[in-house]
Amino acid sequence: MYTNSIEMVEVSPRDGLQNEKAMVSTADKLALIDRALAAGARRIEVASFVNPKAVPQMADAEAVCAGLPVRGDVTYIGLVMNARGADRALATGRIDQLGAVSVATDTFAMANQGQTSDGSIEAAKGIINAARNAGKFGQVTIAAAFGCPFEGEVAEARVLAMAEALAAATPVEIALADTIGVANPAHVTRLVTAVRELVAPIPVRVHFHNTRGTGLANVWAAVEAGARTVDASIGGLGGCPFAPGAAGNVSTEDVVYMLERAGVRTGLDLSALIATNHWLAEVMGRTLPGMVARAPAFPKQLQEG
């Protein structure tokens, strides 16, 4: 194990909600963010600045930003796909970090953002530079790093080449995303290790979906391999409108339970996360995929807290 503490990024307000058909109100999105903050989240992906016709759930991105609590100890992240999205995010005056996306295959890149894989690399470099020029920070996620919904297997050499090209733009971190939940721990160990060694000192973040039940195992493998930051979504909500079969993210409360029980600090309050899961389930009108919130409290202190 490389570390006894891990940084968490709460992605439920964006990735958690973006694929939901039932529209979630701006007020409920802000309440979710408030609850995540109260649970200890200090990096939150609050919205994506994309075409609202493509992702209707994110049409209120500016309104969400306008309602964000003013906090000097929190990093608010806006996901952007192009220069227009970057301009929109920066114009809110509330986004601290732009999150760019590069996609590992041409077919998915065209479906996700209307450009080739190489084109998505160039777009991400531009977004990182735009953030820097505005006095903000830029990071980038390599989507479909472990497999593509259209082209299948993705060569590790392709992901490494992308990471090297993106590192030249000096993002604050590079993330590897298992967009459709096909990764396995052995693959994660190899790829995280290789990317970490290639782009050092730029840290590696990971983003896993639990589509096939391997999400937590993949988080553990990534942490062991030196990933410094883990994305997760309260309740395990999530999915991608442009990736068929991309089920929910790893659940924040499940990841926190696993890591904290293993002695890896996350800075998050599990009891508060479980309470937020139950609140969010009422908002969404259904039980959420996360497992810990459906199980009896353990250890006993949690039940009494």
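This is a short tour of a predicted model, going from the whole chain to single residues.

Local features are described here where pLDDT is at least 70 and side-chain atom pairs where it is 80 or more, while totals for chains, interfaces and linings use all residues. Residues are numbered from 1 along each chain as its sequence is written, and side-chain values use heavy atoms, with hydrogens and water left out.

**Whole chain**

Start with the protein chain in cartoon view. The protein chain has 12 helices and 8 strands; these are DSSP runs numbered from the N terminus, with helices being H or I of at least four residues and strands E of at least two. Along its principal axes, the C-alpha trace spans about 50 × 40 × 35 Å. The radius of gyration is 18 Å, which agrees with the value near 19 Å for a compact globule of 305 residues. That radius is taken over C-alpha atoms, and the globule rule is 2.2 Å times the number of residues to the power 0.38.

Now switch to the surface. About 11900 Å² of the protein chain is accessible, and 54% of that belongs to carbon and sulfur atoms. Such areas come from the Shrake-Rupley method with a 1.4 Å probe, and for residues only the protein chains shown count as cover. Of the 305 residues, 55% are buried, meaning under 20% relative accessible area (over 50% is exposed, in between is partly exposed; 1.4 Å probe, protein chains only). Among contacts (heavy atoms within 4.5 Å) between residues at least 6 apart in sequence, 73% join residues at least 24 apart.

**The largest pocket**

Select Arg14, Leu79, Met81, Val101 and Asn112, which lie nearest the centre of the largest pocket among its 33 lining residues. The elements giving two or more residues to this lining are α1 (12-16), β2 (43-49), α4 (83-91), α5 (106-113), β5 (137-143) and β7 (204-208). The volume of the largest pocket is about 510 Å³. A pocket is an open set of points on a 1 Å grid over the protein atoms alone, where a 1.4 Å probe fits, with protein on both sides within 12 Å along at least five of seven lines; lining residues have an atom within 4 Å of a point. Points are joined across faces, edges and corners, and the volume is the space filled by probe spheres set on them.

Colour the lining by class: 13 residues are nonpolar, 13 polar and 7 charged. Ala, Val, Leu, Ile, Met, Phe, Trp, Tyr, Cys and Pro count as nonpolar, Asp, Glu, Lys and Arg as charged, and the others, Gly among them, as polar.

**Lysine 29**

Next, select lysine 29 in helix α2 (residues 26-38). Lysine 29 counts as buried, at 2% relative accessibility. Beyond its neighbours within four places in sequence, its contacts are Leu17, Val24, Gln57, Met58, Asp60 and Val64.

**Backbone stops**

Move to alanine 144, in the loop between β5 and α7 (156-167). Its phi is near 55°, positive in a residue other than glycine, and alanine 144 is buried at 0% relative accessibility. Threonine 170, in the loop between α7 and β6 (174-178), also has a positive phi, near 50°.

Then select alanine 200 and proline 201, which are joined by a cis peptide bond with omega about 10°. Proline 201 sits in the loop between α8 (185-199) and β7.

**Helix α10**

Finish at residues 252-261, helix α10, where 7 of 10 residues are buried. The buried ones are Thr252, Glu253, Asp254, Val255, Val256, Met258 and Leu259. They pack against β1 (7-10), α9 (215-224), β8 (229-232) and α11 (270-284). Following α10 is glycine 263, with a positive phi near 90°.
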